[in-house]
Amino acid sequence: MKRVPHWQRALRDEILKHHQPFAWGKNDCCSFVCDCVLGMTGTDIYADFRGKYNDQKSALQVMHDVAGSVRIEDVAAFVTEKHGMKEISPYYAQPGDVVLMPTGEDQSLMLGIVGHNAKDAYIVSEVGIRYLPFHKVAAKAWRLA
């Protein structure tokens with residue numbers, strides 16, 4: 001999976017497009033990250049999930065049906081392996097790479113996309129897109145070619 005020319009612009013456009021409150025199946029961590037990957041590569045790694053859930057219960061069901069697990073880290077590993085994305089150390093993640101990191105008070109895992117400054121990852125929050133430093137906290141990262 002290779003990045004398209006001007007992928008930086010595509011990443012920026014997806015981040016702006018998703019700057020709206022969290023919504024299952026429309027603007028959650030998976031749909032956001034996968035839409036960023038789609039914009040940067042032209043490959044829809046979210047195709048197995050798109051349009052198949054609209055709340056937490058149906059999201060967990062489709063995660064189990066597609067990837068055999070309801071754990072976000074297992075689903076991310078399944079999807080990235082299926083599409084040939086190499087796992088890398090979060091320390092080496094670059095703009096446009098996918099990261100899995102703990103967020104919020106409960107430190108639940110969430111997918112994010114490394115921003116243009118290579119220091120922060122963009123994530124979906126209840127109020128829209130936020131960015132957080134990821135190097136010291138990210139559990140995993142995957143590289144787009």
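Two strands count as paired here if DSSP finds at least two bridges between them. Keep that in mind for strand β2, which is where this look at the predicted model starts.

**Strand β2 and its neighbours**

β2 and β3 run antiparallel and are joined by six bridges. Within that pairing, Pro-102 stands opposite Leu-109 of β3. The hairpin made by β2 and β3 has four residues between the strands, and Gly-104 takes a positive phi there, near 75°. β2 also pairs with β6 (residues 140-143), again in the antiparallel sense, this time over three bridges. In β6, Ala-141 is the bridge partner of Val-99.

So which way do the residues of β2 point? Val-98, Leu-100 and Pro-102 go one way, while Val-99, Met-101 and Thr-103 go the other, and all are buried. Because six of the six residues of β2 are buried, the strand is largely enclosed by the rest of the structure.

**The largest pocket**

β2 turns up again around the largest pocket, which holds about 690 Å³ of space. The pocket is lined by 37 residues, and the closest to its centre are Cys-29, Cys-30, Ile-72, Leu-109 and Met-110. Which elements give two or more residues to this lining? They are the helices α2 (29-41), α3 (56-67) and α4 (72-82), plus the strands β2 (98-103), β3 (108-114) and β4 (120-125). As for chemistry, the lining residues split into 27 nonpolar, six polar and four charged.

**Aromatic rings**

Now for the rings. A pair of aromatic rings is described by the distance of the centres and the angle of the planes. Searching the whole structure turns up five aromatic pairs, and two of them are set out below.

| Pair | Arrangement | Centre to centre | Angle between planes |
|---|---|---|---|
| Tyr-46 and Phe-49 | stacked | 6.1 Å | 20° |
| Tyr-91 and Tyr-92 | edge-to-face | 5.2 Å | 85° |

Are the residues of these pairs buried or exposed? Buried means under 20% relative accessible area, so Tyr-46, with 2%, is buried. Phe-49 counts as buried too, because its relative accessibility is 5%. Tyr-91 and Tyr-92, on the other hand, are both exposed.

Tyr-46 and Phe-49 also belong to a cluster: ring pairs link them with Tyr-53.

One more ring contact involves a charged side chain. Arg-3 lies over the face of Trp-7, at 4.2 Å from the ring centre.

Note on methods. Residues numbered from 1 in each chain as written. Predicted model: local features only at pLDDT ≥ 70, side-chain atom pairs only at ≥ 80, totals over all residues. Heavy atoms only, no water. Phe/Tyr/Trp six-rings, centres within 6.5 Å; stacked < 30°, edge-to-face > 60°. Buried < 20%, exposed > 50% of the residue type's maximum accessible area, 1.4 Å probe, protein only. Lys NZ or Arg CZ within 6 Å of the ring centre and 35° of its normal. 1 Å grid on protein atoms, 1.4 Å probe; cavity = no way out; pocket = protein on both sides within 12 Å on 5 of 7 lines; lining within 4 Å. Points joined across faces, edges and corners; volume = space filled by probe spheres on them. Nonpolar A, V, L, I, M, F, W, Y, C, P; charged D, E, K, R; others polar.
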